[in-house]
Each structure stands twice: as C-alpha cells, then as structure tokens.
Amino acid sequence: MPVAMGQYGQSQPSCFDRVKMGFVMGCAVGMATGALFGTFSCLRIGMRGRELMGGIGKTMMQSGGTFGTFMAIGMGIRC
C-alpha cells in the first residue's frame, strides 16, 4: 500500500501515532489540571508535608490518565 505524502513530501503519521499523541497531550493537560485542583482540594482538607505531595500526585495521575484516555479515544475516532 503506498504511503500518503503530505504537501511538502512528508509522510502523514499513522493512526496509532495519532492516538498515542492524543493520549500524551491529554495526559499533559489532565496532569496540569489535576495539579491545580489537587492542590486546592488537599489544602482545603488540611493536608501538609508528605501527605500533601502524595495527595497531589494521586490526583494528577488520576486526572491525567482519565483525560488522556478520552483524548486517545477521540483521536482514534478521527482516524
């Protein structure tokens, strides 16, 4: 099967590369959002020190994974 060429002779990324890029972009946005909301949430309930860092990290990983998954699904639908 021939490779599709772009306007300037570059090949287009594969569908898997697009899904992967969507996951990474979504993960980055989700982790940034998780850092903001996680910090506010953990400080509001009175966490300090190591407990605070653990709570923020957990929130960042959860929101990054969730948003990354949805972005990957959206990029997969567009392929």
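Biologist: Which residue does a disulfide join to Cys15 here?

Modeller: Cys79 is the partner, with 2.3 Å from S to S. The general idea is that two cysteine sulfur atoms within 2.5 Å are called a disulfide. By this rule the count is 1 disulfide.

Biologist: Where in the chain do the two partners sit?

Modeller: They link distant parts of the chain, 64 residues apart: Cys15 lies in helix α1, while Cys79 belongs to the segment after α2 (49-78). Helices (H or I, at least four residues) are DSSP runs, numbered from the N terminus.

Biologist: Before we go on, what kind of model is this?

Modeller: This is a predicted model, where local features need pLDDT of at least 70 and side-chain atom pairs count only at pLDDT 80 or more, while totals for chains, interfaces and linings use all residues. Residues are numbered from 1 along each chain as its sequence is written, and side-chain values use heavy atoms, leaving out hydrogens and water.

Biologist: Why is the disulfide of Cys15 and Cys79 called right-handed?

Modeller: Look at the torsion about the S-S bond: it is about 115°, so this disulfide is right-handed.

Biologist: Are these cysteines buried or exposed?

Modeller: Buried means under 20% relative accessible area, exposed over 50%, and partly exposed in between (1.4 Å probe, protein chains only). Cys15 is partly exposed at 39%, and Cys79 is partly exposed at 43%. Cys42, with 5%, is buried.

Biologist: And where is Ser14 placed?

Modeller: Ser14 is in the segment before α1 (15-44). With a relative accessible area of 36%, Ser14 is partly exposed. Ser14 and Cys79 are 65 residues apart in sequence, yet 8.7 Å apart in space, C-alpha to C-alpha.

Technical notes
Helix = DSSP H or I, 4+ residues; strand = E, 2+ residues; numbered from the N terminus.
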